[in-house]
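Trainee: Could you take me closely through one part of this model, and then follow what surrounds that part, with each cut-off stated as you go?

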Amino acid sequence: MRYSETFIPTLRDDPADAEVVSHKLMTRAGMIRKVAAGIYTYLPLGWRVIGKVEQIVREEMTRGGAQELRMPAVQPAELWRESGRWGVYGKELLRVNDRHDRQFCIGPTHEEVITDLVRGEVRSYKQLPLNLYQMQTKFRDEIRPRFGLMRGREFIMKDGYSFDADEPGAEATYRRMEEAYRRIFSRMGLDFRAVEADSGQIGGSFSHEFMVLADTGEDDVVSCTACSYAANSEKATSRVAAPESRPTPPLESVETPAVHSVEEVAVFLKTSPDRLIKTLIFDTADPEADDPAAARKQEADRFVAVLIRGDREVNEVKLVNHLKVTAARLATDGEIARLTGGPVGFSGPVGLKGVRIVADHSVKALTDAVSGANHQDRHHVHVQPGRDFPLADTVDLDTARAGDGCPRCDGTLTVQRGIEVGHIFKLGTKYSQAMNATFLDPEGKKKPFVMGCYGIGVGRTAAAAIEQNHDARGIIWPMAIAPAQVLLLCMNMKSTPLVEAAEKLYTELEAQGIEVLYDNRPERAGVKLTDAELLGIPLLLVMGDRGLERGVVEVKERRSGDVTETPLADTAARVAARVREALTSRA
């Protein structure tokens, strides 16, 4: 393609509303333009990248045994009511009424539609397994859309769904999809991790996120230095040594005037933070509940006292999942005082009435501990969990962090930033049971389908690739998803011999099957070079008058900056070989 005939409206300055690198560079490189908050138009070069991402996904999904179809973006409310999600999905679900006042939504995902399709067509175990996927535009009405394609409201997703007759079959399908995803992101040239993850609103028993590692990532990726263990921060567990066990004298209440924080209390009582029991009061009422009565639950059910060791932090996602609620927020100062009898900073489990207590495993191992006494300026010392207060509900609520021990080996955990680009789920029978989607097994008995779900954010993957691959001058595309493989620059469009040589090389490269963007604009050399670095195409071929006199072409690699010269007559063949090598090395 010729630059002069391609719509590439580059900008010199960052857009005012752009916060992350990918948003800035995709806008400046003329790849996207904003239509409304979280809604974008893909311009030609940006759409070429999207097409590359989709093609790799299609090839590997087919290789993994999946078949492509297409479902509607607009979905009837009845299907969502069957699954039970219409009233609980939240305000991200864009609900609309048609002219007959029937309720629909703009699909953020398609579990209901695909389950409805399969229950109407698949009758027997002989038709299983079945694995279907689509490339579809989705809409989630994010409260604060930001970061360009990283967190938009309208976005392109590959979503796939599998149907098996039993758990072993579903497990085999899940593992095939996991391997397909590894191949997809490897072929794209991305540094990624597959991590254990929380299933969130999609549901199911087990899931993995695929995280592209980047300093600008929104999520923490916890991984072991010695084994393959990896999980996101919402799911990660760790091995943390308990403080030394020692005899616990009888419980005693002591004055602790004007000390509130864990650190202040530890210093005042001459102990260490790991011997403190931190007590946090959480409110589990759903702030977006449609039913006011549901939001005003009985306080015995609504408020929860969460106990954790003083030097650790509560993982709120783990808490929400354990309590099976939609949200958990820290109670207000007034609520804490009313529920415990003391102000913030003095809450404790001893004698606490009318509030459910949930403790992290770290509390169970404590001896001779310290806790708040639910009274102004007082703490309990010589606290023994299980003796001085009940430990009926203990669970992992801890936030794993760098330096903790790995839960699977003797290694140490590290924490990196990552961007979620894919998520696979073992759904089990969550949707098939709710929607009465069944088949007949070999004995003629009705059984619910065992399902899996597999998503990839297509535009988000393109943006994540930029977050991981850029420098101060612009994008550095991996070869497999670049809008073109080679950028050919003719530095002097007024020189007839140079233009003729550039045109000949352009034709030779295309004959070799290479995707070339030929910059034939009558612009200054500096403008062309600046745009070339901004666009980030992997190989830059520079043709100038002096090089033509010597019969050579300057070949520059965008990533390393390495420059070599090749004979003009051999350039097309040599460049084609480099492109093919770059593509096959990741296949």
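Mentor: Helices and strands are here DSSP runs numbered from the N terminus, with helices being H or I runs of at least four residues and strands E runs of at least two. The model is predicted, so that local features need pLDDT of at least 70 and side-chain atom pairs count only at pLDDT 80 or more, whereas totals for chains, interfaces and linings use all residues. Residues are numbered from 1 along each chain as its sequence is written, and side-chain values use heavy atoms, with hydrogens and water left out.

The part to look at closely is strand β24, which spans residues 450–457 and is mostly covered, since eight of its eight residues are buried (buried is under 20% relative accessible area, exposed is over 50% and partly exposed lies in between, with a 1.4 Å probe and protein chains only). In a regular strand the side chains alternate between the two faces of the sheet. In β24, Val-450, Gly-452, Tyr-454 and Ile-456 point one way, while Met-451, Cys-453, Gly-455 and Gly-457 point the other way, and all of these are buried.

Strand β8 (residues 154–164) pairs with β24 in the antiparallel sense over eight bridges, where two strands pair if DSSP finds at least two bridges between them. Within this pairing, Asp-159 stands opposite Gly-455 of β24. Strand β21 also runs antiparallel to β24, joined to it by six bridges, and the bridge partner of Gly-422 in β24 is Ile-456.

Strand β21 covers residues 413–428 and includes Leu-427, which is buried, with a relative accessible area of 4%. The C-alpha atom of Leu-427 is 9.9 Å from that of Glu-111, although these residues are 316 apart along the chain.

Elsewhere in the chain, helix α13 (residues 458–468) packs against helix α1 (residues 21–28) at an angle of about 105 degrees, with the axes 8 Å apart. Axes are lines fitted to C-alpha atoms, for helices over the stretch in contact, and angles run from 0 to 180 degrees between N-to-C directions. The helices α1 and α13 are therefore roughly perpendicular to each other, given that angles of 65 to 115 degrees count as roughly perpendicular, those under 35 as roughly parallel, those over 145 as roughly antiparallel and the rest as oblique. Their contact, meaning heavy atoms within 4.5 Å, is made by Val-21, Ser-22, Leu-25 and Met-26 of α1 and by Ala-463, Ile-466 and Glu-467 of α13. These residues divide into five nonpolar, one polar and one charged, where Ala, Val, Leu, Ile, Met, Phe, Trp, Tyr, Cys and Pro count as nonpolar, Asp, Glu, Lys and Arg as charged, and the others, Gly among them, as polar.

Two loop residues deserve a check of their backbone angles. Asn-436 lies in the loop between α12 (430–434) and β22 (438–440), and has a positive phi of about 55 degrees although it is not a glycine; at 59% relative accessibility, Asn-436 counts as exposed. Asp-377, in the loop between β18 (369–372) and β19 (378–383), has a positive phi of about 60 degrees and is likewise not a glycine, but Asp-377 is partly exposed, with a relative accessible area of 24%.

A cis peptide bond joins Leu-128 and Pro-129, with omega about 0 degrees, and Pro-129 sits in the loop between α4 (111–121) and β7 (130–139).
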